[in-house]
Amino acid sequence: MDKSAFSRRRVLSLGAIGMASFAGCLGSSDNGGKETSNDESSTDEGTSDNETDTNPEQSESEGLPDNGAVVFVYDDGPMKDYTQAFPAHQAFDAPATTGIITGRIGLQNYNGYDWMDVEQLEELEAAGWEIASHTTEHSVVGTYELVEDADASDDRVYPEEIRHGYWTSKDLEITDGKTTVTRTIVGYGEDDVGKYIEFDGSLGESFTRGETVTRYGEEAMHEALGESKRKLESLGFEIDSFLAPYDNFDDYSRKFVRQYYNAVANAEHGSRINDPDEFDPFYTHRDYFIEFSSPDRVKADLDEIADRGALGVFGAHTYKEEVTEERIYETLEWVDERGIEVLTLREACQITS
Ligand SMILES: [Zn+2]
């Protein structure tokens with residue numbers, strides 16, 4: 001534990017920096033990005049303060065520690081982040097990143113759970129945690145492909161997931177890249193064909209499955225991404241990172257997210273390990289470390305992270321039954337035993353830039 005505390009302080013002093021390196025962080029992600037034309041990330045409102053705060057001593061990037069680093073990213077901001085994850089992390093003087101849905105801050109008994117209030121978030125941030133945005137209302141920021149063809153006369157579409165449909169009265173775009181139709185969502189459900197989203201009128205155009213996606217339009221995207229950041233900043237938090245709801249993130253999301261954030265915690269769901277030499281914060285690999293996983297798999301990944309000096313990004317929902325303080329504590333012990341540093345996503349971004 002002492003060793004962790006020591007290394008943690010070392011990273012913090014390093015990170016005291018560190019806004020200077022954010023410019024580099026953004027630069028590297030622009031270079032590494034596989035898509036074109038997004039210069040907004042270097043000019044948008046979200047980064048202006050950071051980039052002017054330069055410190056000549058910190059212009060060289062340190063890179064990841066020899067034994068690698070792990071970023072813990074908790075989802076949704078339930079009170080259990082504070083009552084279960086926070087004490088475990090405090091025992092190791094180890095920070096984490098928590099993705100907050102701004103519309104749920106301080107709610108009680110919503111969806112069966114209590115949600116952290118501003119006071120808990122302030123306490124987390126004061127202890128070195130990073131507050132990240134998880135949108136205003138946990139809305140989808142990616143796209144879902146149609147799994148059935150749609151006729152011009154249809155007022156329903158059948159995408160692989162119907163989550164966009166949960167927000168009735170929002171407008172949904174149906175697009176194959178050439179033709180885009182916008183219709184207002186009136187509901188969702190399941191019929192003989194499958195799960196569908198229903199609109200206030202027929203499509204007026206036909207679309208082919210596999211070539212067509214559903215997505216929210218620009219206005220809804222800017223609201224989900226920009227409003228949540230503004231809200232958290234107005235509460236006094238420093239916001240640099242984004243966590244995508246439902247692990248749904250793709251090139252469409254990336255285009256908008258780059259305009260507000262420096263990093264995405266779960267751009268590539270399904271692996272916990274990021275290559276130390278090619279870490280791009282807009283292509284971060286994350287996977288869960290308690291739910292949907294086994295202790296042996298996690299330990300094997302930690303071995304690899306320590307061997308390669310790689311960056312692990314580990315996620316969890318603390319309101320899940322199996323995600324207990326003990327399991328989090330135990331994982332932090334495995335991390336500690338291997339001499340792996342625990343960082344926030346912001347810190348990982350800073351030292352790898
Ligand atoms: Zn979530």
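This report describes a helix, a sheet and one strand residue in a predicted model.

## Helix 5

Helix 5 comprises 13 residues, 79–91. At 1.5 Å a residue it should span 18 Å, and its end C-alpha atoms are 18 Å apart, which agrees with that expectation. Within helix 5, a kink of about 40° lies at A85, shortly before the proline P87. The helix is followed by D93, whose phi is positive, near 50°.

A85 is also among the buried residues of helix 5. The others are K80, D81, Y82, Q84, F86, A88 and H89. The cover over these buried residues includes two strands, strand 1 (69–74) and strand 2 (97–100), together with helix 6 (118–126) and helix 10 (325–337).

## The six-stranded sheet

An open sheet is formed by 6 strands in the order 4-9-6-7-8-5, with antiparallel pairing. Strand 4 (144–145) and strand 5 (156–157) stand at the edges with a single partner strand each, so one side of each has no neighbour in the sheet.

Strand 7 (residues 180–190) and strand 8 (residues 195–199) run antiparallel and are joined by 5 bridges. In this part of the sheet, E190 stands opposite K195 of strand 8.

## E173 in strand 6

Strand 6 spans residues 171–175 and contains E173. With 18 other C-beta atoms within 10 Å, E173 is partly exposed, because a residue counts as buried at 20 or more and as exposed at 12 or fewer.

Leaving aside neighbours within four places in sequence, E173 is in contact with T180, T182, R215, Y216 and G217. G217 is 44 residues from E173 along the chain, yet their C-alpha atoms are separated by 6.0 Å.

Note on methods: Residues are numbered from 1 along each chain as its sequence is written. This is a predicted model: local features need pLDDT of at least 70, side-chain atom pairs count only at pLDDT 80 or more; totals for chains, interfaces and linings use all residues. Helices (H or I, at least four residues) and strands (E, at least two) are DSSP runs, numbered from the N terminus. The expected span of a helix is 1.5 Å times one less than its number of residues. The bend at a residue is the angle between axes fitted to the seven residues ending there and the seven starting there. Two residues are in contact if their C-beta atoms, placed from the backbone, lie within 7 Å. Two strands pair if DSSP finds at least two bridges between them.
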